[in-house]
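Colleague: Please give me a close look at the segment that carries a database annotation, and then set it in its surroundings. A formal account with the cut-offs stated would suit me best.

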Amino acid sequence: LLREKFREFARETGSVGQERVDRVNLTIEDLIDAGHVEAATMAEWKDGLNESWADLLELIDTRMQLLAASYDLHKYFYDGGELLALIAARRQELPQDLGEDAGTVEAFHRMHSAFERDLQLLETQVQQFRETAARLQTAYAGEKAAGIQEQEQEVARALRELLEACSGRRARLVDTADKHRFFGMARDLLSWMESTVRQIETQEKPR
């Protein structure tokens with residue numbers, strides 16, 4: 001809000017001020033061209049006036065840059081907090097259940113693949129956040145620079161832990177699917193052997 005107000009002030013000041021400076025310059029030039037007795041003094045006044053106007057424009061520009069930098073810094077910490085909350089929420093969405101049979105394991109596996117695809121957007125947001133951190137760290141020193149780095153590391157660590165948890169769940173789902181596949185094969189084999197035994201037992205016994 002402060003930045004927007006000052007931007008409007010700078011725009012109005014620049015427009016009105018330039019118009020007034022141009023008008024005074026034109027008046028002085030007309031008087032000098034007309035051979036006014038104080039032409040030399042007027043020329044000095046004109047130079048001084050233009051220097052003062054240039055100084056004022058530079059002051060406005062510096063103030064705008066400071067406000068922009070302050071806005072960027074506040075936005076950086078706000079975005080960092082939002083990312084941490086989002087990562088924590090996604091971590092909560094990661095289920096622990098692995099499924100009781102091959103069908104549910106397969107369903108969980110499909111859901112997990114979709115979950116990992118959704119995380120790609122979050123990874124992009126974190127990458128952009130880290131790029132902003134690198135840019136801001138070149139503009140600040142001391143305590144602020146340390147705070148920027150600390151926030152960047154906290155966000156990066158939270159994402160890394162989330163991705164590690166995702167990888168761990170994927171590995172457990174694969175292990176569980178392999179286990180159910182083995183049990184299924186074992187049951188099929190036992191069933192086949194039992195069927196074979198029954199066939200043998202029902203055959204006529206040799207005399």
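Modeller: UniProt positions are given in the numbering used here, feature names are shortened, and annotations may be inferred rather than shown by experiment. With that understood, the unreviewed UniProt entry places the feature "coiled-coil region" at residues 112-139. The model is predicted, so local features need pLDDT of at least 70 and side-chain atom pairs count only at pLDDT 80 or more, while totals for chains, interfaces and linings use all residues. Residues are numbered from 1 along each chain as its sequence is written, and side-chain values use heavy atoms, with hydrogens and water left out.

Over residues 112-139 the chain is 93% helix and 0% strand, with the end C-alpha atoms 41 Å apart; helices (H or I, at least four residues) and strands (E, at least two) are DSSP runs numbered from the N terminus. His 112 is found in helix H3. His 112 has a relative accessible area of 3% and therefore counts as buried (under 20%; exposed is over 50%, partly exposed in between, with a 1.4 Å probe and protein chains only). Its neighbours within four places in sequence aside, His 112 is in contact (heavy atoms within 4.5 Å) with Leu 94, Cys 166, Arg 169, Arg 170 and Leu 173.

The surroundings include the largest nonpolar core, a set of buried Ala, Val, Leu, Ile, Met, Phe, Trp, Tyr and Cys residues joined through side-chain atoms within 4.5 Å. Among the 21 residues of this core, Ile 87, Leu 122, Ile 148 and Val 155 touch the most other members. Helix H2 (39-93), helix H3 (102-137) and helix H4 (142-202) each supply at least two of the core residues. Ile 87 touches Leu 122 and Val 126, and also Val 155, Ala 158, Leu 159 and Leu 162, residues up to four places away in sequence not being counted.

The largest pocket also draws on H3: H2 and H3 each supply at least two of its lining residues, and H2 gives the largest share, 6 residues. Among the lining residues are Asp 72, Tyr 76 and Glu 82, together with Gln 125, Phe 129 and Arg 135. A pocket, on a 1 Å grid over the protein atoms alone, is an open set of points where a 1.4 Å probe fits, with protein on both sides within 12 Å along at least five of seven lines; lining residues have an atom within 4 Å of a point.

Elsewhere in H2 lies Trp 53, which is buried at 11% relative accessibility. Among the residues that Trp 53 touches are Thr 13, Gly 17 and Val 21.
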